[in-house]
Amino acid sequence: MSIIELFASVALLLVPLFFYLTRNSRSKAPSKSNPKSYPLIGSSAAIFANRNRTTQWTSDLIQSSPTVTVVLRRFLDDTRVFTGNPANVQHILKTKFYDYEKGSKSRQTLFDFLGNGIFNIDGDSWKFQRQVSSHEFNTKSLRKFMETVVDTEVSQRLIPILSTAAANNTVLDLQDILQRFAFDNICKIAFGHDPAYLLPDLPEAEFAKTFDDAAKISSGRKKKQELSNKPSLETVDLLSRFLSSGHSDEDFVTDIVISFILAGRDTTSAALTWYFWLLSQNPEIEKEILREIKDKSESPVYEEVKDMVYTHASLCESMRLYPPVPIDGKVALRDDVLPDGTVIKKGMRVLYHPYAMGRLEMLWGPDWEEFKPDRWLQRAGDGVSNDGKWSFVGRDPYSYPVFQAGPRICLGKDMAFLQMKRVVAGILRRFKVVPAAEDGVEPVFVSFATSKMEGGFPVSPNLTAEQTGEDNSSMQGDSPVSNGSLPAHGMSSASFGKHQTLMEGWEALEFDRNFLEHAFNSLQSGKEGLQFVQEITNHLQELWKLGMRNTSWSAP
Ligand code: HEM
């Protein structure tokens, strides 16, 4: 075959391939909601150019799309659909629940870390874990345990650290503090042991090391007698519950507990970080919250927390603008058409976008940019004889899928609100959170798995005697701590980043995978992550060998 004939044959083969690969890219002209698409590479150039602000970029595309859905083609026809349309969200999360799954690619990637934990499975296995976990989550005793854990962490760690910073006029990174707080909490609730990550000196320990410590400490509770002698609130963590309630499969318990730790770590802290920033910009709203909190006891009982409707509304409103999980999605198991007409091919990722949806005028009105807890409230009474009490008006979960929606809606939602309201009450009773940045400097929203404030959230916690009526000096005298301060200026992620934590590894990840996929990749990239998994697994194996499942104590 001559050279010319060879070229001709190759060209003949390539031409159909070229037309196949470019068929979509030629179908639409670029527009505000439709970035330029090229043969073979699709919109990869625009995706790359916006890689540091993908949440905002995809949100802008959705906002300017008439259908509030955007189709982005990546390399070699790898297509992703981003939608802000509540009907589409309902379709993938509920109506066609069994046609949209986490997907096998995501499952395989995450398997080594999450195994068959609730986050990583579909079908009957998921259904079973969901039932078991919902049962444990809805017990009054777990709620009480959680209240004790949160109140202890607030009074013995959080407040002393803030008090000392206020007394010494130092600046703290509130984002870091809240992450440490959430980590201590979730480990205590999941394992029953305290990793002590929120300490006055804000240890720079590697995140994974802290996990290791937690696992090591938790081996102390392996003593059978200790457990049977202590059927108290202190021992009703999730791990003990699963083991003692007949779920004796070692892998099952390991996987489920790891899923919970992951779920509870960065979500509530992300929500609260943005919440305190919004309050600092909206003093009138802060005052209203304070009015509500001051009515309640110092350690409010459950009914009092439930009654904090204005605070509840303000948290919902804050997560509307800054959702802790800004983008999440599923994979189509078969060809489909979304309610808005978008054609879905088997294997495509369909992502719903809570961040964009919280900014849609069609859902929230022309004042969507305003932080307005009133959107979630109405005055109780008949409208004429107004008794002045607020009542909460929830929104359709498909228009506000901040906790996902449908059968897989977040299991920890109620627990998260109870925790957050207790933290808000604990802090606002005593402190005014003042951002250290100059007025007018807005923090930057960054999102990888969960949302973060770029460079942290430097604040000066000011004690507010007029708010509490307390003698603050005595409070500071009581506090056992702290040098918990960080430099006020020039703070960047790097300044907190000496330790290669899970969080940081996490942050290096691609934007549009589901958030557990992110977590796994980062863990996989560091020895520490795998070591952590090993530790937990070892711990559970030992626990298993010691026959903890046979202990006879029961939860109160
Ligand atoms: C503000 C706080 C929180 C937010 C915004 C939030 C949000 C979410 C979202 C978006 C999902 C769906 C993830 C996916 O499947 O891709 C989810 C699932 C889940 N969340 Fe949360 N979460 C929060 C707090 C918590 C807490 C504190 C816990 C437990 C300690 C928790 C436990 C779970 C569990 C177990 C699932 C999996 C449910 C299932 O697949 O059936 N979450 N959450």
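## A predicted model, from a buried strand to the ligand shell

Five of the five residues of strand β1, which covers residues 69–73, are buried, so this strand is largely enclosed by the rest of the structure. The model described here is a predicted one. Looking along β1, Thr69, Val71 and Arg73 point one way while Val70 and Leu72 point the other way, and the residues on both sides are buried. The partner of β1 is strand β2, residues 79–83, and the two strands pair in the antiparallel sense over five bridges. Within this pairing, Val71 has Val81 of β2 as its bridge partner. Five residues lie between the two strands of this hairpin, and among them Leu76 takes a positive phi near 50°.

A second set of strands forms an open sheet of three strands in the order β4-β14-β11, with antiparallel pairing. Its edge strands are β4 (172–173) and β11 (431–435), each of which pairs on one side only. Strand β14, residues 458–463, runs antiparallel to β11 and is joined to β11 by five bridges, and in this pair Val433 stands opposite Pro461 of β14. Helix α7 packs on the sheet, where α7 touches β4, β11 and β14, and the direction of α7 makes about 85° with that of β14.

Helix α7 also meets another helix. Two packed helices are described by the angle between their axes and the distance between the axes. For α7 (residues 140–168) and α8 (residues 174–191), the axes come within 10 Å and cross at roughly 150°, and the crossing is right-handed. On the α7 side the contact includes Phe145, Met146 and Val149, and on the α8 side the residues met include Ile177, Phe181 and Asp184. Sorted by class, this contact has nine nonpolar residues, one polar residue and three charged residues.

Two residues that lie in helices can be set side by side, with their neighbour counts and one distance for each.

| Residue | Helix | C-beta neighbours inside 10 Å | C-alpha to C-alpha distance |
|---|---|---|---|
| Arg107 | α5 (residues 104–114) | 19 | 30 Å to Val236 |
| Phe145 | α7 | 24 | 29 Å to Trp376 |

A residue counts as buried if 20 or more other C-beta atoms lie within 10 Å of its own. Phe145 has 24 such neighbours and therefore counts as buried, whereas Arg107 has 19 and therefore counts as partly exposed. When residues up to four places away in sequence are left out, Arg107 touches Lys102 and Asn120. Along the chain, Arg107 and Val236 are 129 residues apart, while Phe145 and Trp376 are 231 residues apart.

The last region to consider is the surroundings of the ligand. Of the 24 residues around the ligand, Ala263, Gly264, Thr267, Cys410 and Gly412 come nearest. Helices α12 (250–281) and α18 (413–428) each supply at least two residues of this shell, and the largest share, seven residues, comes from α12. Divided by class, the shell has 14 nonpolar, seven polar and three charged residues.

Key
Residues are numbered from 1 along each chain as its sequence is written. This is a predicted model: local features need pLDDT of at least 70, side-chain atom pairs count only at pLDDT 80 or more; totals for chains, interfaces and linings use all residues. A residue is near a molecule or strand if its C-beta atom, placed from the backbone, lies within 6 Å of it. Helices (H or I, at least four residues) and strands (E, at least two) are DSSP runs, numbered from the N terminus. Ala, Val, Leu, Ile, Met, Phe, Trp, Tyr, Cys and Pro count as nonpolar, Asp, Glu, Lys and Arg as charged, and the others, Gly among them, as polar. Axes are lines fitted to C-alpha atoms, for helices over the stretch in contact, and angles run from 0 to 180 degrees between N-to-C directions. A crossing is left-handed if the near helix is turned anticlockwise from the far one by less than a right angle, and right-handed if clockwise. Two residues are in contact if their C-beta atoms, placed from the backbone, lie within 7 Å. Two strands pair if DSSP finds at least two bridges between them. A residue is buried if 20 or more other C-beta atoms lie within 10 Å of its own, exposed if 12 or fewer, and partly exposed in between; C-beta atoms are placed from the backbone.
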